[in-house]
Amino acid sequence: MKHSLLAVLITLSASGLGAQSLVGEPEFIRVQRETIAKERSEVTVVYQQEATLCWQKFAVNACLREARQRRHAALEPLRQRDLVLNAQERQWRTEQRNVRLEGKQPETPSKP
């Protein structure tokens with residue numbers, strides 16, 4: 001599920017999602033960030049449950065290490081998606097800045 005969502009995100013960004021209207025992209029980014037935050041909190045809850053179970057085993061440290069490794073493996077795709085969103089947001093901000101700067105430039109260059 002997570003891998004397919006990442007594939008959809010990459011496909012959308014490569015297929016012209018960046019060509020979306022300047023008003024719609026920040027909303028898309030906000031929604032994606034909320035989704036990532038929700039998934040990140042779900043991973044944290046699962047890790048906490050696994051860590052709690054580890055304390056009831058004889059080999060606590062080994063169990064905790066495995067739980068941390070699983071958490072890290074689950075968080076890595078979320079981090080990658082977050083990096084893609086950061087790049088999209090930087091691109092959108094650059095476009096917005098360029099639009100503002102073009103609006104401030106005089107239409108005819110003045111002669112000194």
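**Exercise 1. Is arginine 81 buried, partly exposed or exposed, and what is its relative accessible area?**

Solution. The model is predicted: local features need pLDDT of at least 70, side-chain atom pairs count only at pLDDT 80 or more, and totals for chains, interfaces and linings use all residues. Residues are numbered from 1 along each chain as its sequence is written, and side-chain values use heavy atoms, with hydrogens and water left out.

Step 1. Buried means under 20% relative accessible area, exposed over 50%, and partly exposed in between (1.4 Å probe, protein chains only).
Step 2. The relative accessible area of arginine 81 is 1%, so arginine 81 is buried.
Step 3. Arginine 81 belongs to helix 3; helices (H or I, at least four residues) and strands (E, at least two) are DSSP runs, numbered from the N terminus.
Step 4. Arginine 33 is 48 residues away from arginine 81 in sequence, and their C-alpha atoms are 9.0 Å apart.

**Exercise 2. Compare the span of helix 3 with its expected span, then locate its bend.**

Solution.
Step 1. The expected span is 1.5 Å times one less than the number of residues.
Step 2. Helix 3 has 45 residues (residues 60–104), so it should span 66 Å; the end C-alpha atoms are 64 Å apart, which agrees.
Step 3. A bend of about 25° occurs at leucine 75, and proline 77 follows within four residues. The bend is the angle between axes fitted to the seven residues ending at a position and the seven starting there.
Step 4. Among the buried residues of helix 3 are Ala74, Pro77, Leu78 and Arg81.

**Exercise 3. Find the disulfide and assign its handedness.**

Solution.
Step 1. A disulfide is a pair of cysteine sulfur atoms within 2.5 Å. A search of the whole structure gives one.
Step 2. The partners are cysteine 54 and cysteine 63, with sulfur atoms 1.9 Å apart.
Step 3. The torsion about their S-S bond is about -70°, so the disulfide is left-handed.
Step 4. Cysteine 54 and cysteine 63 are both buried.

**Exercise 4. Describe the chain as a whole and place proline 26 in it.**

Solution.
Step 1. The chain holds three helices and zero strands, in the order α-α-α along the sequence.
Step 2. Of the 112 residues in the chain, 22% are buried.
Step 3. Taking a contact as heavy atoms within 4.5 Å, residues 24 or more positions apart supply 73% of the contacts with a separation of 6 or more.
Step 4. Proline 26 lies in helix 2 (residues 24–54) and counts as partly exposed at 27% relative accessibility.
Step 5. Proline 26 and arginine 93 are 67 residues apart along the chain, and 9.3 Å separates their C-alpha atoms.
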